[in-house]
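Thanks for coming. I will go through one model today, strand by strand and then helix by helix.

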Amino acid sequence: MKRDLEAARELAAGLAVRAGRLQIERRDTLRMGAPKAHANDVVSDVDIASEQLIVEAIHEAWPEDATQAEEGHDRAGGSGWTWIIDPLDGTRNYVSRTGPWSVCIALYHGDQPRMAVVHDPAAGETFSAIDTGGALLNGEPLTGSSGPSLAEALIGVSFQPNPQTKQRAGRVLRELLPLCGDIRRIPAALNLVYQAAGRLDGGLALDTKLWDIAAGALIAREAGVTLGGRGPDFSTELTIGAAPSLWPELAAKVRAADL
């Protein structure tokens, strides 16, 4: 089944902006729910309301499509198209007012990403991409970093804050931090789109979920970022991204540390 991917991007971008506006408006009155997988895996009523807004509009536009969403608004579909949604990537930053967060929407056909949007509500920035169509920031083309040496590179780091992953991240950072220019810890989606924009020279993400990285990975790839993991393909267990000239060295260091 063919799909107008420009129309899909327009819808996704509009929904991401609407969800982001809701998040800003309700930040002072949000209510926290019970933690999910672990004590640091937090969720608010704003996460749930944002996801409901996005999913309902997608189902109205394409009722035969499937949805896979972080807060549970999943639905099977018969069209072969699946929308992968993280309504608020970086909830801990959002509720504590300590850093950025984003709204993430990706559209897959089968197992192939075809369209993606990542919206930063606080900055008013909307990153997007269509498969083989390049990446955009607020409608303007994006190009990744030119790739300095690792000793000068700014590296983004993302990881789930459960005890096991924090131990794993600690091993990687212990080896990587003395070798690179500096690091920034940010949510996974923004890690990837900042690489797409050349703000970060590379990055890694540990133990994510598909909705954390699906949209950002397509945007990064379309901006010329090299992506991989333990092998040539990135995964939720390990995603490594970098400018092409930097990627082999960064990947080798991360893989060696992450044993």
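I start with one residue pair: methionine 115 sits opposite isoleucine 130 of β5. That pair belongs to the contact between β4, residues 112–120, and β5, residues 125–130, where six bridges join two antiparallel strands. Please keep in mind that this is a predicted model.

Now the sheet around that pair. It is an open sheet of seven strands in the order β1-β2-β3-β4-β5-β6-β7, and the pairing is mixed. The edge positions are taken by β1, residues 66–69, and β7, residues 140–141; each has a single partner strand, so one side of each has no neighbour in the sheet. As a reminder, strands of a sheet pair through backbone hydrogen bonds, parallel or antiparallel.

Next, β3. How many of its eight residues are buried? Seven are, so β3 is largely enclosed by the rest of the structure. On one side, β3 is joined to β2 by seven bridges, antiparallel. Within that pairing, aspartate 86 has cysteine 104 of β3 as its bridge partner. β3 also pairs with β4, again in the antiparallel sense and over seven bridges. There, tyrosine 108 is bridged to proline 113 of β4. β3 and β4 make a hairpin with two residues between them, and glycine 110 in the turn has a positive phi of about 65°.

A word on cysteines. Cysteine 104 has 1% relative accessibility, so it counts as buried. Cysteine 180 is at 7%, and therefore counts as buried too. The disulfide count for the model is zero, with a cut-off of 2.5 Å between cysteine sulfur atoms.

Two helices lie across this sheet. Helix α2, residues 45–61, lies across β1, β2 (81–89) and β3 (102–109), and runs at about 155° to β2. Helix α5, residues 188–196, lies across β2, β3, β4 and β5, at about 100° to β4.

α5 has a helix partner as well. Its axis and that of α6, residues 210–222, come within 8 Å and cross at roughly 0°. Angles under 35 degrees count as roughly parallel, so α5 is roughly parallel to α6. From α5, the residues involved are Ala188, Ala189, Leu192, Val193 and Ala196; they meet Asp212, Ile213, Gly216, Ala217, Ile219 and Ala220 in α6.

The other helix pair is α4, residues 163–176, with α7, residues 247–257. They pack at an angle of about 130°, with axes 8 Å apart. That angle makes α4 oblique to α7. The contact involves Arg171, Val172, Glu175 and Leu176 on α4, and Leu250, Lys253, Val254 and Ala257 on α7. The crossing of α4 past α7 is right-handed.

Last, β12, residues 238–242. Is this strand enclosed or open? Five of its five residues are buried, so β12 is largely enclosed by the rest of the structure. Leu238, Ile240 and Ala242 point one way, Thr239 and Gly241 the other way, and all are buried. β12 pairs with β10, residues 202–206, in the antiparallel sense over five bridges, and glycine 203 stands opposite glycine 241 of β12. Three bridges join β12 to β11, residues 226–228, also antiparallel. In that pairing, leucine 227 stands opposite glycine 241.

Technical notes
Residues are numbered from 1 along each chain as its sequence is written. This is a predicted model: local features need pLDDT of at least 70, side-chain atom pairs count only at pLDDT 80 or more; totals for chains, interfaces and linings use all residues. Side-chain values use heavy atoms; hydrogens and water are left out. Buried means under 20% relative accessible area, exposed over 50%, partly exposed in between (1.4 Å probe, protein chains only). Two strands pair if DSSP finds at least two bridges between them. Helices (H or I, at least four residues) and strands (E, at least two) are DSSP runs, numbered from the N terminus. Contact means heavy atoms within 4.5 Å. Axes are lines fitted to C-alpha atoms, for helices over the stretch in contact, and angles run from 0 to 180 degrees between N-to-C directions. Angles under 35 degrees count as roughly parallel, over 145 as roughly antiparallel, 65 to 115 as roughly perpendicular and the rest as oblique. A crossing is left-handed if the near helix is turned anticlockwise from the far one by less than a right angle, and right-handed if clockwise.
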